[in-house]
Amino acid sequence: GAFEQPRAVAEAIQPHIDLSNFTVAMSGVGFDTKKVFGEIERIFIVACGSSYYTALVGEYMIERLARIPVECDIASEFRYRYPVFPKNSLLISISQSGETADTLAAVRLAKAAGVKVLSICNVRNSSIDREADGHLYMNAGTEVGVASTKAFSATLALLNLLSLATAQAKGKLTVIEEADYVRQLQAAPAQIETVLNLDKFFKKAASTLKEFKGFLYLGRNVHYPIALEGALKLKELAYMHAEGYAAGEMKHGPLALIDKNMAVVMLAPRDELFEKSLSNLEEAKARGGQVISIGTGANARLEQISNHYLVLPEAGWFTLP
Ligand code: M6R
């Protein structure tokens with residue numbers, strides 16, 4: 001359930017960090033991560049559904065910190081698209097269950113091409129877990145609900161660690177930066193707890209929003225895949241129509257749909273892209289759209305333009321997703 005997320009995230013990271021010096025020490029992966037990550041020149045990440053959205057967040061993290069090119073694919077597309085694997089490629093599969101047929105097929109395709117596979121999985125000894133060369137476990141506990149929640153958050157935490165471990169192996173991370181990121185990650189479970197305790201906000205917002213005909217979830221950078229996931233969750237749990245978009249794409253079509261029956265859910269933390277997101281909201285508002293925004297800290301301008309403003313604990317791009 002949703003309220004297990006703080007524990008799930010804590011248990012996902014716990015085996016892989018050394019709290020005596022705040023470093024990442026990938027353990028039990030099944031291959032020498034320093035050596036493998038040091039050698040790889042290209043990463044493919046394959047997954048389906050929510051797991052695919054975590055892959056997209058992983059792409060932002062790994063490229064930003066480790067400077068290794070990352071390509072994400074929906075497994076059902078990847079397996080049929082005759083992918084090209086340059087030398088020194090690594091394929092990362094993400095699957096909570098470890099049984100998703102398309103993801104398993106993508107893993108087999110990579111293995112047949114001689115590509116090393118690292119699996120991020122929740123279920124030990126599942127089909128994908130058994131076929132992979134390396135293993136990272138979500139340690140999220142049994143996912144009972146169909147809508148993935150704690151496995152999603154635990155996966156993001158593992159991708160945080162993976163981005164640090166690859167950056168470390170590539171010599172792109174100073175000891176000080178590494179310790180700072182590890183501290184941020186260590187702080188995440190308590191921050192998730194804080195957000196879950198805002199259920200009053202959610203109840204109030206939900207009661208005014210249930211009449212809408214549609215929802216447009218928007219975000220930029222690491223928050224873009226989170227917007228996709230938000231829209232998916234609303235479809236899956238509330239049976240309402242929702243679409244996720246990169247905020248910059250709003251003006252390239254979906255703007256036409258915005259009117260008083262449409263709610264725009266904007267992920268707008270205070271970062272270098274904040275002004276751009278704010279101007280998206282101004283356009284949405286001008287067309288009569290309802291605005292729900294999610295940001296960090298007191299933010300008078302965001303609050304003023306929003307029908308509902310949810311304030312997250314202060315955190316940076318690394319852990320906000
Ligand atoms: O077990 P998997 O992670 O491979 O499952 C992939 C998707 O079916 C899954 O993420 C699905 O989209 C979520 N449960 C939706 O909440």
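# Strands, rings and one buried leucine

Me: In this predicted model, how many bridges join strand β10 and strand β11?
Reply: Start by finding the two strands: β10 covers residues 262–267 and β11 covers residues 290–296. Within this pairing, Val264 stands opposite Val291 in β11. The strands pair in the parallel sense, and the number of bridges is 5.

Me: Which strands stand at the edges of the sheet?
Reply: The sheet is open, has 5 strands with parallel pairing, and reads β9-β8-β10-β11-β12. Each edge strand has a single partner, so one side of it is left without a neighbour in the sheet. That description goes with residues 242–246 and residues 308–312, in other words β9 and β12.

Me: And what does the twist average from one strand to the next?
Reply: Stay with the open sheet and its order, β9-β8-β10-β11-β12. Going from one strand to the next, the twist averages 15 degrees.

Me: Which helix lies across β10 and β11, and at about what angle to β10 does it run?
Reply: Look for the helix made of residues 274–286, which is α11. This helix lies across both strands, and its angle to β10 is about 170 degrees.

Me: Leu281 has its place in helix α11, but is it buried or exposed?
Reply: Check what Leu281 touches, leaving out residues up to four places away in sequence: Val264, Met266, Val291, Ser293, Leu302 and Ile305. Then look at its relative accessible area, which is 0%. Buried means under 20%, so Leu281 is buried.

Me: How are the rings of Phe31 and Phe37 arranged?
Reply: A pair of aromatic rings is described by the distance of the centres and the angle of the planes. A search of the whole structure turns up 10 aromatic pairs. For Phe31 and Phe37 the centres are 6.4 Å apart and the planes sit at 85 degrees. Planes over 60 degrees apart count as edge-to-face, so this pair is edge-to-face.

Me: What angle lies between the planes of Phe212 and Phe215?
Reply: Phe212 and Phe215 are both buried. Their rings form an edge-to-face pair, 6.2 Å centre to centre, and the angle between the planes is 70 degrees.

Me: Does Phe31 count as buried or exposed?
Reply: The charged end of Lys116 sits over the ring of Phe31, 5.7 Å from its centre. The relative accessibility of Phe31 is 15%, and the cut-off for buried is under 20%. So Phe31 counts as buried.

Me: Which residue has its charged end over the ring of Tyr137?
Reply: Find the ring of Tyr137 and look 3.8 Å from its centre. The charged end sitting there belongs to Arg124.

Me: How compact is the protein chain?
Reply: The chain has 12 helices and 12 strands. Its radius of gyration is 20 Å, close to the 20 Å that the globule rule gives for 321 residues. So the chain is as compact as a globular protein of that length.

Me: Of contacts between residues at least 6 apart in sequence, what percentage joins residues at least 24 apart?
Reply: For some background, 54% of the 321 residues count as buried. Now take just the contacts between residues at least 6 apart in sequence; the share joining residues at least 24 apart is 71%.

Conventions. Residues numbered from 1 in each chain as written. Predicted model: local features only at pLDDT ≥ 70, side-chain atom pairs only at ≥ 80, totals over all residues. Heavy atoms only, no water. Pairing = 2+ DSSP bridges. Helix = DSSP H or I, 4+ residues; strand = E, 2+ residues; numbered from the N terminus. Axes fitted to C-alpha atoms, helices over the stretch in contact; angles between N-to-C directions. Contact = heavy atoms within 4.5 Å. Phe/Tyr/Trp six-rings, centres within 6.5 Å; stacked < 30°, edge-to-face > 60°. Buried < 20%, exposed > 50% of the residue type's maximum accessible area, 1.4 Å probe, protein only. Lys NZ or Arg CZ within 6 Å of the ring centre and 35° of its normal. Rg over C-alpha atoms; globule rule 2.2 N^0.38 Å.
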